[in-house]
Amino acid sequence: MDIEKNLSQTLAEMGTTLDGATNAQIFCALLRMVRDLETEMKPAEGNRKLYYFSAEFLVGRLLRANLVNLGLADDVERVLAAHGTTLAAVEDCEPEPSLGNGGLGRLAACFLDSIASLGLPGDGVGLNYHYGLFRQDLSEGVQREEPNPWIAPESWLIDTGTSFSVPFGFGPLAAHMYDIEVPGYENGVVNRLHLFDVEEPSPAPARGIAFDKGDVRHGLTSFLYPDDSDDAGRLLRVYQQYFMVSAGAQLILAELEERGFAPKELDRHVAVHINDTHPSMVIPELVRLLMERGIEFEDAAKIVERTCGYTNHTILAEALETWPMGYIEQVAPGIVPVIYQLDALARARTDDERVAVIDGNDVVHMANMDVHFSHAVNGVAALHAQILVESEMRPFAELYPEKFSNKTNGITFRRWLMGCNPELASLVTDAIGDDWKRDASRLEDLLSLSGDAGFVQRLLRVKEGNKERLAAWLRAEKNVEVDPHSIFDIQVKRMHQYKRQQMNALYAIWKYLQIKRGNVPNRPLTMVLGAKAAPAYTLAKDTIALLLALGRLIAEDPEVAPWLRLVFVENYNVTAAEHLIPAADVSEQISLASKEASGTSNMKFMANGALTLGTLDGANVEIAELVGRENIYLFGRSSEDVIGLYDRCDYRPWDVWQADGELAEILDFICSPELLARGDAGCITRVYRDFIAKDYFMALLDARDYVAVKERCLADYEDRAAWGEKALVNIAKSGFFSSDRTIREYNRDIWHLS
Ligand code: 26Q
């Protein structure tokens with residue numbers, strides 16, 4: 001197609017020309033072009049259709065991703081260059097749809113891309129939040145949350161004109177369906193992401209990201225609720241969840257009928273996937289709807305069990321959802337009798353109280369309901385699935401051994417390599433051809449270039465270029481200066497104690513003190529962190545305050561500043577990730593072993609040639625197996641050790657503080673006057689107290705080993721050729737983590753779509 005002609009025509013309708021248009025106008029013209037092209041394309045077909053239910057789809061900006069999949073990105077880039085602009089400048093006019101918190105939501109987005117790219121029939125079902133995850137403001141030295149709107153007059157949302165009536169306790173409420181098209185990679189397929197919304201949304205949030213909880217009819221889809229550490233709006237989350245699953249379940253049955261099948265054939269023609277427990281009420285809702293259509297309860301329950309699959313994303317007990325029956329009674333009285341019947345049915349299978357759907361306090365355990373009434377349950381990395389079976393869900397695994405499996409997470413290489421790192425993508429293509437674009441496992445062909453000094457040099461130069469571009473972006477967007485010749489050591493992910501950003505802070509203090517004593521490193525180090533903390537998660541917000549104060553202290557110290565920078569990137573989101581990850585030298589994956597179910601940024605960094613500094617947790621275990629011990633920097637206690645320490649209640653940080661003078665000095669520095677003066681002293685002091693009194697995620701236990709291994713890693717950086725070889729092996733082995741591989745496994749073992 002003639003892109004230049006198409007754009008010129010649209011821009012003429014808008015009263016301008018390619019040379020006269022603003023980037024915002026060009027963005028609109030490209031958006032219309034993509035939407036028009038996709039209207040002509042067809043959804044994938046098959047005997048069974050998947051509906052992937054998720055409260056979060058962290059899709060990120062969509063212009064470039066769509067152009068990549070339509071095979072038009074390079075041509076568009078050329079046309080724009082001829083008219084004095086770039087795709088990067090144009091896409092900066094697109095507000096990011098931040099419709100998720102972190103890994104779980106981004107995984108759902110990668111999965112939709114892979115499902116379409118594999119030509120499988122499958123749509124997403126979620127909610128059209130008007131405000132995505134809050135925008136983070138750090139200007140006062142602590143996190144402030146601001147509303148984060150993304151829906152512009154012209155956006156990717158398609159009004160389908162369809163709605164479903166959701167039977168809430170207060171009466172029916174229409175769920176209006178908007179769609180976002182999901183094109184496959186150069187295969188002519190478009191699937192859909194269905195996002196349900198109220199018909200008359202609230203005009204604007206009253207104030208901040210607070211919400212008028214009384215006004216469910218208008219405010220139900222206003223906000224994405226931040227993760228489990230935020231208790232505000234619990235009841236509202238139940239309203240959101242039921243709204244999503246009831247509308248989605250009705251859509252499923254309507255489409256089933258349209259395809260000419262009877263409700264009792266549901267399991268033969270539909271697969272429903274439940275992404276963590278947030279959509280779990282789809283189970284009783286489907287049973288209720290089947291019963292409305294004349295099917296007996298027991299048969300309905302059997303059909304639904306054969307239809308549904310459930311993925312667990314966490315073993316942190318506090319993140320497993322439970323809802324008091326009173327809440328469900330108020331929100332969705334129609335499914336209350338169904339849940340009681342499901343509880344009775346589960347109790348007929350076992351008298352083990354630990355696996356009950358409803359406990360003695362009339363509280364519903366969503367994950368328990370999911371396991372009883374799904375035919376497949378999976379973890380998201382080998383270690384995680386093993387821990388589920390051997391400990392967290394052991395009674396279930398004994399009851400239903402055939403249900404349990406692992407599906408190691410993946411990422412889409414379209415966004416996370418071709419889209420965000422075109423220089424590396426073309427270097428790879430020059431070396432091995434472009435088969436890897438359809439089959440990421442072919443990246444292994446790069447291993448034949450191991451030992452090719454010229455190629456390794458080119459690889460290092462691509463990284464240098466990306467570091468320079470990141471430095472320019474940080475200057476323009478975040479108002480920070482970094483030295484592209486320093487080592488870029490990056491930890492970006494949600495802020496959580498188990499992810500141990502606080503341990504990274506200890507390293508910064510250690511390094512600061514070393515430099516003060518004259519032990520300057522070979523080369524400057526730039527530590528980059530980025531993370532949002534749940535608004536009610538005090539300790540997480542305190543850790544941000546500590547890192548900000550440390551960054552200031554280091555920057556203001558003329559003895560240290562030439563050697564060390566600690567940059568905390570404000571408002572970390574998908575867009576920021578796309579700039580940061582291609583430029584990373586070191587990927588920080590330092591969670592307490594056994595706590596990170598999988599992690600997915602670890603995979604993105606690996607594919608972009610960063611070396612992992614990490615614990616044997618989540619998918620890091622599989623990364624280590626793939627690249628070999630010489631191409632990864634591992635430290636810290638094993639998951640077995642950690643689980644043992646928890647079981648025996650055998651960890652006391654106070655003892656570590658008393659026994660290890662050097663560590664105590666680093667810790668005590670947190671409360672030094674010079675640091676407290678550079679930030680919120682109350683927040684910083686709380687982090688200190690928590691380290692010594694609780695340290696629930698054992699940062700002190702691994703701190704020494706962490707510092708030692710990090711130093712070895714940074715020293716190794718100086719042998720540039722050897723480092724480049726390691727990066728090469730990481731890129732070559734990263735193909736395993738393609739979400740195409742993950743989705744093939746889901747399809748083969750769980751969904752059976754075609
Ligand atoms: C629960 C109750 C009430 C309100 C919110 C929540 C809630 C919201 C979001 C609970 C959990 C989440 C998000 C979890 C998540 O992102 N988990 C991550 O999933 C990734 C994809 O599988 C893994 O790679 C990460 O290891 C895991 O932490």
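Here's a short chat about the sheet, the core and one helix pair in this predicted model.

Biologist: Which strands sit at the edges of the open sheet?

Modeller: The sheet has 9 strands with mixed pairing, in the order 5-6-7-2-1-8-9-12-13. An edge strand pairs on one side only, and that picks out strand 5 (158-168) and strand 13 (404-406).

Biologist: And inside that sheet, what stands opposite Tyr 52 in strand 8?

Modeller: Strand 1 covers residues 49-53 and strand 8 covers residues 270-275; they run parallel, joined by 5 bridges. Across from Tyr 52, in strand 8, you'll find His 273.

Biologist: Which helix gives the largest share of the largest nonpolar core?

Modeller: That core holds 242 residues, and Leu 30, Leu 546 and Leu 550 touch the most other members. The top contributor, with 10 residues, spans residues 538-555: helix 21.

Biologist: What does Leu 30 touch, leaving out residues up to four places away in sequence?

Modeller: Leu 30 is one of the core members with the most contacts to other members. With those sequence neighbours left out, its partners are Leu 7, Leu 63, Val 76 and Val 90.

Biologist: Leu 7 and Leu 30 also turn up where helix 1 meets helix 2. What is the handedness of that crossing?

Modeller: Helix 1 (residues 3-13) and helix 2 (residues 23-39) pack at about 115 degrees, with axes 9 Å apart. Helix 1 brings Asn 6, Leu 7, Thr 10 and Leu 11, while helix 2 adds Gln 25, Ala 29, Leu 30, Arg 32 and Met 33. By type, that's 5 nonpolar, 3 polar and 1 charged. As for the crossing of helix 1 and helix 2, it's right-handed.

Key. Residues numbered from 1 in each chain as written. Predicted model: local features only at pLDDT ≥ 70, side-chain atom pairs only at ≥ 80, totals over all residues. Pairing = 2+ DSSP bridges. Helix = DSSP H or I, 4+ residues; strand = E, 2+ residues; numbered from the N terminus. Core = buried A, V, L, I, M, F, W, Y, C linked by C-beta atoms within 7 Å. Buried ≥ 20, exposed ≤ 12 C-beta atoms within 10 Å, placed from the backbone. Contact = placed C-beta atoms within 7 Å. Axes fitted to C-alpha atoms, helices over the stretch in contact; angles between N-to-C directions. Left-handed = near helix turned anticlockwise from the far one by under 90°. Nonpolar A, V, L, I, M, F, W, Y, C, P; charged D, E, K, R; others polar.
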